[in-house]
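Let's walk through this fold together, strand by strand and helix by helix. Have the 3D view open as you read.

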Amino acid sequence: MRFDELDLGDEVLDALDAMRFDECTPIQEQAIPVILEGRDLIACAQTGTGKTAAYLLPVIDRLAEGYLPDDAINCVVMSPTRELAQQIDRQMEGFSYFLPISSLAIYGGTDGATFARQQRGLKMGADVVIATPGRLLDHIQMGYVDLSRVSFFILDEADRMLDMGFYDDIMQIVKRLPADRQTLMFSATMPPKTRKLAQDILTNPAEIKIAVSRPTEKIDQSAFVCHEAQKTPILKHLFTNGNPTRVIVFAASKLKVKDLTHELRRARFKAAEMHSDLDQNRRNEVMQNFRAGKIDILVATDILARGIDIDDIALVVNYDVPREAEDYVHRIGRTARANADGKAVTLVAGRDQQKFGYIERFLGYEVRKNEVPAELGEAPQYRPERGGNSGNNHRRGKGNSNGNRKAPNGDSRRENAPSGKPQAKRNGERYPRRQRPGNGNA
C-alpha cells in the first residue's frame, strides 16, 4: 500500500514525499488506520519494520487538525534509552517539517543548560514529548509538568522498558494521564509482563502482530562452541587475524563490557565501551568517534541492540548468547544493512548451548560452527539438548553445518530514516496553528 492511499493530510504526505517514502511497511499499513480511528493499540513488531513512523505519522496528522490545545502537552512517547529517544526526535523533525508542531526530547545525563531547556519546554507545553521514564518522572516530581490534557500516550520498546525495571515509573506517569487518552503500545516481543502492562493501561485495544523476520541472507552467521575461559582469546584471535573495523561486540552485563574493553585495549585494539553508566556527553562522544572511524570496536550491552541507527557495521559478535531468539535477530541485524554484506559470530559456552539451540530452532537451520584454534585448547562438544554439560567429552571445534538457509529480512528504511532537513521549531517553541482546508469546525 502507498502512503497516499491512507487518510493522511497533505502536509504529512509532502514530508514523506520529500523523504522519498512511497510504500508502507506492513506495520504501517495495519497500524496507521487503527490509530486514525482513535482506538487503543498493542502492536508486536521487531526493530527495522518501521514502527516509529507507524505511530508518529497518524499522531502528527491528528495534531495538524488544530483541535488540540496550544498550551498543553498533547502526546507523550516513552522510550527505554536516551539514544532511542534522540532518534525518535530526529524522525519527528522530518515527518512534521511542513507543520507547526513542536516536539521536545527529555532524557538524563545532560548538563544544567539542557535540563533548564527541558524545563521551559515542559512548562510551555510541547505538542509531543519524547522521554525516558526516569527523567520525565524527575521533572514531574518537581511540580511543573501537567499531563492532564494528554491525548496520546505511546510506549515504544515496551518489553525493553520492563526489562530495565521501569514498570513502577510508567505506572506513576499513567496515574497523571486523563482516562480518555488514546494509548499505543509497541513491543518487539510480548512476554507475560508486557501483556500485563497492556491489560493495566489499554482499553479494548486492537492487536497487530508482525511476525519476527529471520536474519537477512546477507549475514554470514557462525559460532564457536567453547569454554567460558576461551571466549576472550577467541575474540582476540578473530581480531588479530581479521580486519577489526566497524565491529560491535555485545556482552550480557555492564561489568563484562568494562572488563572486555580493558582487555582489548591492553591488546592494542581501538575499542570503546557503551553502557548505561556513561553520561550522555561521553556516550555521544563514543558514538561520534565510532562513526568517524577513530574507534574500531564498540563493546556494548543491549543498549545498542534495538532501534539505534548505525550504518556500515561489518561484524557483530555475541560475546554472550542473548536470552531470546528475537534479541539475537535484533543484535545481528546491526550488520548487513542497506543491502550490504555482514558477518555475525556467536561465542557459545557452557549452559548457553541450550539457549543457542533454541535460537537455531527459531531460525529453522543450524548455524555453522567454526573450529576453535588448536593453540587455545580443547573445545566442548555441542550438545544443546543437555545445556552444554558434556563432561569430559571434547572436540577440536569440527565444522558441523547444514548451511545457512536464511529468509530475507524486512525493509528497515523507514525505521531509521533521517529527517533530511533541519527544523526550526524545537524545544517546545510555539507557532500559530493552521487548520487543514475543508475540516470545518470541531
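## Strand β1 and its partners

In this predicted model, strand β1 (residues 41-44) runs parallel to strand β6 (residues 182-187), and 4 bridges join the two. Look at Ala43 and you'll find that its bridge partner in β6 is Phe186. On the other pairing, β1 and β7 also go together in the parallel sense, again over 4 bridges. There, Cys44 stands opposite Lys209 of β7.

What about the two faces of β1: covered or not? Both are covered, with Leu41 and Ala43 buried on one side, and Ile42 and Cys44 buried on the other. That fits a general pattern: in a regular strand, side chains alternate between the two faces of the sheet.

## The sheet around β1

Zoom out a little and β1 turns out to belong to an open sheet of 7 strands, ordered β3-β4-β2-β5-β6-β1-β7, with parallel pairing. The edges are taken by β3 (103-106) and β7 (206-209); each has a single partner strand, so one side of each is left without a neighbour in the sheet. From one strand to the next, the twist averages 10°.

Two helices are worth picking out here. Helix α3 (residues 51-64) packs on the sheet and touches β2 (75-78), β4 (128-131), β5 (152-155) and β6, with its direction at about 165° to that of β6. Helix α4 (residues 82-95) packs on the sheet too, touching β2, β3 and β4, and its direction makes about 155° with that of β4.

## Nonpolar cores

The largest nonpolar core has 47 residues, and those touching the most other members are Phe3, Leu16, Ile27, Leu41, Tyr55, Phe95 and Phe186. Helix α3 gives the most to this core, with 9 residues. Two of the names have come up already: Leu41 is one of the buried residues of β1, and Phe186 is the β6 bridge partner of Ala43.

Take Leu16 for a closer look: residues up to four places away in sequence aside, Leu16 touches Phe3, Leu8, Phe21, Leu57 and Phe95. There is also a second, separate core of 34 residues, which includes Leu136, Leu162, Met171 and Leu197. As a general matter, nonpolar side chains in soluble globular proteins tend to be buried together.

## A proline in α3

Helix α3 has a proline in it, Pro58. Is Pro58 buried or exposed? Its relative accessibility is 0%, and the cut-off for buried is under 20%, so Pro58 counts as buried.

Which residues does Pro58 contact, leaving aside its neighbours within four places in sequence? They are Leu8, Ile32, Ile35, Leu36 and Ala53. Leu8 is also on the contact list of Leu16. As for Leu6, it sits 52 residues from Pro58 along the chain, and their C-alpha atoms are separated by 9.8 Å.

## The other seven-stranded sheet

Further along, there's another open sheet of 7 strands with parallel pairing, this one in the order β10-β11-β9-β12-β13-β8-β14. At its edges stand β10 (271-274) and β14 (368-370), each with a single partner strand, so one side of each lacks a neighbour in the sheet. Here the twist averages 25° from one strand to the next.

Within this sheet, strand β8 (residues 219-226) and strand β13 (residues 342-349) pair in the parallel sense over 8 bridges, and Phe224 stands opposite Leu347 in β13. Helix α12 packs on the sheet, touching β9 (247-250), β10 and β11 (297-300), and its direction makes about 140° with that of β10. Helix α14 (residues 352-363) lies across β8, β13 and β14, running at about 140° to β13.

## Where α4 meets α12

Each of these helices packs on its own sheet, α4 touching β2, β3 and β4 and α12 touching β9, β10 and β11. The axes of α4 and α12 (residues 280-291) come within 11 Å and cross at roughly 70°, which makes α4 roughly perpendicular to α12.

Which residues make the contact? From α4 come Arg82, Glu83 and Gln86, and from α12 come Gln280, Arg283 and Asn284. By class, that's 3 polar, 3 charged and no nonpolar residues.

## The chain overall

The chain has 14 helices and 16 strands. Of its 442 residues, 59% count as buried. Among contacts between residues at least 6 apart in sequence, 80% join residues at least 24 apart.

Technical notes: Residues are numbered from 1 along each chain as its sequence is written. Side-chain values use heavy atoms; hydrogens and water are left out. Two strands pair if DSSP finds at least two bridges between them. Axes are lines fitted to C-alpha atoms, for helices over the stretch in contact, and angles run from 0 to 180 degrees between N-to-C directions. Contact means heavy atoms within 4.5 Å. Angles under 35 degrees count as roughly parallel, over 145 as roughly antiparallel, 65 to 115 as roughly perpendicular and the rest as oblique. Ala, Val, Leu, Ile, Met, Phe, Trp, Tyr, Cys and Pro count as nonpolar, Asp, Glu, Lys and Arg as charged, and the others, Gly among them, as polar. A nonpolar core is a set of buried Ala, Val, Leu, Ile, Met, Phe, Trp, Tyr and Cys residues joined through side-chain atoms within 4.5 Å. Buried means under 20% relative accessible area, exposed over 50%, partly exposed in between (1.4 Å probe, protein chains only).
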